[in-house]
Amino acid sequence: MKILVSGAGVAGLACARELGTRGHDITVVEHAPRLRVTGTPIDIRGDAIEAVERMGLLAEVRRHRVRMSESVRFVDADGTPVARIPMSEVSDSDDDIELLRGDLVRVLADALPAGVTLRFDDAVRSLGNVEGERGVDVLLASGHTGRYDLVIGADGQHSVVRDLLFGPEEKHLRHLGVYLALAALPDEPRTGGANLIHNVPGRMAGVFHYGGGAVAVFQFRSERPDLDRHDPEGQKRALREAFEGHRSWRIPELLAAAHADPDFFLTPAGQIHLPTWHLGRAALVGDAGYCAAYLSGRGTSLALTGARFLAEELERAGGDHALAFARYETRQRPYVDFAQDSVHGGRDRIVPATWEDIAARDEALRAAGAGEP
Ligand SMILES: Cc1cc2nc3c(=O)[nH]c(=O)nc-3n(C[C@H](O)[C@H](O)[C@H](O)COP(=O)(O)OP(=O)(O)OC[C@H]3O[C@@H](n4cnc5c(N)ncnc54)[C@H](O)[C@@H]3O)c2cc1C
């Protein structure tokens with residue numbers, strides 16, 4: 001089949017690999033000018049490990065393994081470690097793999113079969129005849145047109161394909177009441193030491209080391225779902241306001257670093273909930289269909305199992321895409337429900353709402369026998 005995949009992130013590249021190796025004619029369209037290889041370490045867990053193994057990429061993925069989460073310590077106002085996360089909660093099992101998002105994207109891109117076409121700097125503009133017999137008529141932003149047997153929307157949380165199929169993001173978005181912000185710390189010494197988190201009520205500030213550098217990490221509770229993601233100055237202001245009156249540990253210095261960072265990044269923790277992930281000849285995979293939010297630690301795993309199930313079911317259904325999409329959804333749905341339900345514990349652990357909750361969290365972690373902080 002001739003298949004258009006929108007998005008060259010984890011879900012899109014995994015789909016291209018899985019479908020391309022099964023003999024389909026794949027074009028991937030990515031709106032960025034090149035592969036996007038930024039991001040913190042992400043996790044590959046549970047059945048997503050098998051998905052990577054079936055792609056023949058497990059050894060290569062393991063080669064890039066990092067162990068950032070294991071070395072997280074919670075510190076008090078003086079920087080003294082007071083608790084750590086038990087290993088049993090860092091991962092589901094010893095087989096879980098933590099690696100830089102960019103490394104996974106590169107591994108997947110390098111493994112694309114010959115014949116997969118990557119179109120950068122372009123994006124789906126419109127989809128016609130999605131529910132028809134003849135194929136989907138696609139218009140790209142560049143003006144390029146084509147007819148495809150199937151269209152896969154793997155274009156992330158703010159998916160354009162989803163908008164075209166099911167309407168605007170606001171209809172499907174569930175704000176989880178927390179924001180995440182990241183800023184580079186170019187002057188941080190390379191200690192190679194622990195990754196530190198300091199809490200004040202409803203907020204965390206931290207310093208994480210990965211990829212040869214250091215990053216300031218912030219999370220803060222806010223019920224406002226509407227901080228404009230296209231307004232970095234407004235986002236920096238919102239971060240400063242969120243930490244107003246808090247000067248303990250390294251908070252002022254880390255806020256200054258955020259203010260100075262031209263690549264400052266801020267995102268709400270939001271989930272996408274849809275009753276179905278397919279319409280006619282189009283289907284959604286990954287964050288586009290079922291973003292679970294970074295708090296779940298499972299978004300990448302969902303993208304990988306989703307790509308696998310979709311490709312396997314298309315093969316099994318012998319070209320009956322409607323049957324294949326329905327079966328894909330049946331197999332993937334339990335993973336999505338589990339991941340989306342798992343976020344609240346993560347939020348309360350990392351961003352406790354009150355001083356009492358912070359003390360109770362630290363006490364519980366120490367009682368859980370996580371070892372010396
Ligand atoms: C640059 C970046 C950094 C990230 N950093 C982190 C992180 O630090 N921690 C974390 O937990 N998760 C992060 N994520 C999200 C994480 O990668 C996903 O939750 C997970 O891997 C599922 O992947 P996905 O392919 O569904 O979505 P994504 O990884 O978001 O990939 C979507 C891809 O589609 C592209 N795209 C978007 N809109 C269009 C369009 N209209 N047309 C064509 N292409 C489009 C994007 O550029 C991207 O390449 C990041 C995502 C990106 C894109």
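This report covers the two domains of the protein, the contact between them, and the surroundings of the ligand. The model is predicted.

**Domains**

The chain is split into two domains, both assembled from separate segments. Domain 1 takes in residues 2-67, 99-171 and 271-344. Domain 2 is made of residues 173-270 together with 349-367. Between the C-alpha centres of domain 1 and domain 2 the distance is 29 Å. Their contact draws on 18 residues of domain 1 and 13 residues of domain 2.

**Contact between the domains**

About 1,300 Å² is buried between domain 1 and domain 2, and carbon and sulfur atoms account for 62% of that area. Polar contact between domain 1 and domain 2 involves three residue pairs, with both residues at pLDDT 80 or more. Salt bridges between domain 1 and domain 2 number zero. On the side of domain 1 that touches domain 2, β16 (265-272) and α12 (343-350) each contribute at least two residues. Sorted by class, that side of domain 1 holds eight nonpolar, seven polar and three charged residues. The three charged residues on this side thus sit beside a salt-bridge count of zero between the domains.

**Ligand surroundings**

There are 26 residues around the ligand. Those that come nearest are Ala11, Glu30, Thr40, Arg101 and Asp287. Two of these names, Glu30 and Asp287, return in the table below, where Arg36 is listed as well. Each row gives the distance from a side-chain N or O atom of the residue to an oxygen atom of the ligand.

| Residue | Atom in the residue | Atom in the ligand | Distance |
|---|---|---|---|
| Glu30 | side-chain N or O | oxygen | 2.6 Å |
| Arg36 | polar side-chain atom | oxygen | 2.8 Å |
| Asp287 | side-chain N or O | oxygen | 2.6 Å |

Glu30 lies 2.6 Å from a ligand oxygen atom through its side chain, and for Asp287 the value is 2.6 Å. For Arg36 the corresponding distance is 2.8 Å.

Methods
Residues are numbered from 1 along each chain as its sequence is written. This is a predicted model: local features need pLDDT of at least 70, side-chain atom pairs count only at pLDDT 80 or more; totals for chains, interfaces and linings use all residues. Side-chain values use heavy atoms; hydrogens and water are left out. Domain bounds come from an automatic or database domain assignment. Contact means heavy atoms within 4.5 Å. Buried area is the accessible area (1.4 Å probe) that two parts lose on being put together, summed over both. A salt bridge is a side-chain nitrogen of Lys or Arg within 4 Å of a carboxyl oxygen of Asp or Glu. A polar contact is a pair of N or O atoms within 3.5 Å; within protein, one must be able to donate a hydrogen and the other to accept it, and residues adjacent in sequence count only if both atoms are side-chain atoms. Helices (H or I, at least four residues) and strands (E, at least two) are DSSP runs, numbered from the N terminus. Ala, Val, Leu, Ile, Met, Phe, Trp, Tyr, Cys and Pro count as nonpolar, Asp, Glu, Lys and Arg as charged, and the others, Gly among them, as polar. A residue is near a molecule or strand if one of its heavy atoms lies within 4 Å of it.
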